[in-house]
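Work through the following exercises with the model open in a viewer. Each task is followed by a solution in steps.

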Amino acid sequence: MQVDVLNANELKSSGPVFGQLSFNDHEQVVFCNDKDTGLRAIIGIHNTVLGPALGGTRMWNYASEWEALNDVLRLSRGMTYKSAITGLNLGGGKAVLIGDAKTQKTPELMKKFGEFVHSLSGKYITAEDVGMETSDMDIVREVTPYVTGISESKGGAGNPSPITAYGVFMGMKAAAKFKYGSDDLDGKKILVQGIGHVGESLVEHLSNEGAIVYIADINPSKLEEVSKKYSAKIYTEDVYAANVDIYAPCALGATINDETIERMKAGIIAGAANNQLADENIHGKLLQEKGILYAPDFLINAGGIINVYAELEGYDKAEIMRKTENIYNTTLEILRTAEARNIPTHFAALQIAQQRIDDRKRENLR
Ligand code: NAD
C-alpha cells in the first residue's frame, strides 16, 4: 500500500487564511476531497442567520485552488445579501468543484459531492450554477434532500433562467422609472452583453416592449440566431463605449472596472451577471460620480433564487412570478434610499440587507 507523505514545501500561499480579502465573516468553509472520484470541492457558508445557506454549485477549471477558494468566498457572500434583500428566509452559501465540467464531471463525482452536502445536515442547500445541469442536481438528490433546482418531473421548479431574466427586466424598468421618469422601455437603446440562458430571455422581453436591442456575445452562431428571432442588432464594436441608454451585462462578472467606466456612455447599468463591480469599494462610487445609475446585480438577478426557494416553501408558479415582479418595487426603494443618503446604490442595497440580518439576529437572541 502506498501512503502519500506530506511535503511541507507544497503549500505555496503563506499568510493568514482568515485574513484573506474575500474572507468576510464566513461562518464555515468546508474542503471536500475524494481521491476515488477525483472530487475536489469547497463549500462556503457565509451566513445562516436568516435560514439555511442556499446557493448553487459551480464547476470550473480554476487556475489554482486559491482562485477557487476566492470564488466560493465571494459568491457565498453575494448569496447572503441576495436572499436578504429579496426577503427570503435563506442564508448565503455556494460550492465550487474544481475541474472541467465537460470532461471531468461524472455521476460518481456528483454523488460523492452530494454526500458531502448531506454531511452538513441541511446547513447548506445546493442548486445548479455554471457548469451544472438540472440532471446533475437530480443525481445529488439521490443521496441528499438538501438540493434544489431539480427537474420538474422530480418535483423541482425547473429552469430558473427565464425567471431570472424577468426579474432583471423588472429591475431595469424600475431603474428607467427612476432615471427617466417612465418605466416604458419603448424606443430605449439597450445593449445586452451575453445572450445565453438569461440574456436571450431578456432580449425577448425587451423586444416585446419595443426597445431597440443590441446584442454582443463571443458565440457568432448564437448571435445570428437571436438576432433573427427578435430583430436585435448585432453589436461588434467596443461594448463599453456603446452609445446606448442601458447596458445589460449578462455574461461575466467584473465588467465594471477602472478601464470600462472611463469609456461608458450608458445612463443605466442593469443586468444579470453576478459580481459586476470589479471592486465594490471603488467602482460603485465611480459610477455614482459619473451619473451612471447602477441597479445592483444581487438585487435584480434574484429571480433564480426565488424560483428554487419555491421548492423548499412549496409555493406555485404564480407566487414565483409575483415575488419576482416585486423586484421592481424593491429596486425603486433602494434607488430612492441611495439618493436620499447620497451613497452608491449597491451600498444602499447592502445596508438594507444587513439591517434585516442584524434585526433577525437580535430577535433570535431574545
Ligand atoms: P450562460 O452561460 O447561459 O450565458 C452566458 C453567455 O455569455 C454565453 O452566451 C456566452 O457565450 C457569453 N459570453 C461569455 N463571455 C463573453 C464575453 N466576454 N463577451 C460577451 N459574451 C460572453 O449563462 P446564464 O445562465 O445566462 O447566466 C448569465 C449570467 O447571469 C452569469 O454571470 C450568471 O452567473 C448570472 N446569473 C444567472 C442566473 C440564472 O438563473 N441562470 C441567476 C443569477 C445570475
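Helices are DSSP runs of H or I with at least four residues, numbered from the N terminus. The model is predicted.

**Exercise 1. Salt bridge within a helix**

Task: Find how the side chains of K112 and E115 meet, and state where the two residues sit in their helix.

Solution.
- Step 1. A salt bridge requires a side-chain nitrogen of Lys or Arg within 4 Å of a carboxyl oxygen of Asp or Glu.
- Step 2. For K112 and E115 the N to O distance is 3.0 Å, and the pair forms a salt bridge.
- Step 3. Both residues belong to helix α2, residues 107-119. They are three residues apart there, which means a separation of about one helical turn.
- Step 4. K112 has 25% relative accessibility and counts as partly exposed. E115, with a relative accessible area of 39%, is partly exposed.

**Exercise 2. Salt bridge between helices**

Task: Determine which helices hold K229 and E200, and how far apart in sequence the joined parts are.

Solution.
- Step 1. The side chains of K229 and E200 meet in a salt bridge, with 2.8 Å from N to O.
- Step 2. K229 is in helix α6 (residues 220-230), while E200 is in helix α5 (residues 197-208), so the bridge ties together parts 29 residues apart in sequence.
- Step 3. The cut-off for buried is under 20% relative accessible area. E200 has 12% and is therefore buried.

**Exercise 3. A further pair and a network**

Task: Describe the salt bridge of E319 and R322, then name the residues linked in a network of salt bridges.

Solution.
- Step 1. E319 and R322 meet through their side chains in a salt bridge of 3.0 Å, N to O.
- Step 2. The two residues are three residues apart in helix α11 (residues 317-325), so about one helical turn separates E319 from R322.
- Step 3. E319 counts as partly exposed at 23% relative accessibility.
- Step 4. The network links R58, D71, K94 and D129.
- Step 5. For the whole structure, the number of salt bridges is 15.

**Exercise 4. Positive phi**

Task: Locate S121 and N342, and decide whether each is buried or exposed.

Solution.
- Step 1. Most residues other than glycine have a negative phi.
- Step 2. S121 has a phi near 55°, which is positive although the residue is not glycine. The loop between α2 and β6 (124-125) contains S121. Its relative accessibility is 56%, and S121 counts as exposed.
- Step 3. N342 has a positive phi near 50° and is likewise a residue other than glycine. It is found in the loop between α12 (327-341) and α13 (345-365). At 59% relative accessibility, N342 counts as exposed.

**Exercise 5. Loop residues and their contacts**

Task: For P344 and A254, give the loop position, the accessibility class and the residues touched, leaving out those up to four places away in sequence.

Solution.
- Step 1. P344 is in the loop between α12 and α13. With 5% relative accessibility, P344 counts as buried.
- Step 2. P344 touches G284, K285, Q288 and A338, when residues up to four places away in sequence are not counted. From P344 to Y294 the C-alpha distance is 8.2 Å, with their positions 50 residues apart in sequence.
- Step 3. A254 is placed in the loop between β10 (246-249) and α7 (258-263). Its relative accessible area is 35%, and A254 is partly exposed.
- Step 4. With the same exclusion, A254 touches N275, Q276, L277 and A278. A254 and H283 are 29 residues apart in sequence, and their C-alpha atoms are 9.8 Å apart.

**Exercise 6. The chain as a whole**

Task: Check the radius of gyration of the chain against that of a compact globule, and collect the overall descriptors.

Solution.
- Step 1. A compact globule of 366 residues would have a radius of gyration near 21 Å; the chain has 21 Å, which agrees.
- Step 2. The C-alpha trace spans about 70 × 55 × 45 Å along its principal axes.
- Step 3. The chain contains 13 helices and 12 strands, and 52% of its 366 residues count as buried.
- Step 4. Among contacts with a separation of 6 or more, 66% come from residues 24 or more positions apart.
- Step 5. The chain exposes about 17,200 Å², of which carbon and sulfur atoms supply 49%.
- Step 6. There are 38 positive and 48 negative charges, and their mean positions are 3 Å apart.

Methods:
Residues numbered from 1 in each chain as written. Predicted model: local features only at pLDDT ≥ 70, side-chain atom pairs only at ≥ 80, totals over all residues. Heavy atoms only, no water. Rg over C-alpha atoms; globule rule 2.2 N^0.38 Å. Buried < 20%, exposed > 50% of the residue type's maximum accessible area, 1.4 Å probe, protein only. Contact = heavy atoms within 4.5 Å. Areas by Shrake-Rupley, 256 points an atom, 1.4 Å probe, with all protein chains shown as cover. Lys, Arg positive; Asp, Glu negative; His and termini not counted. Charge placed at Lys NZ, Arg CZ, Asp CG, Glu CD.
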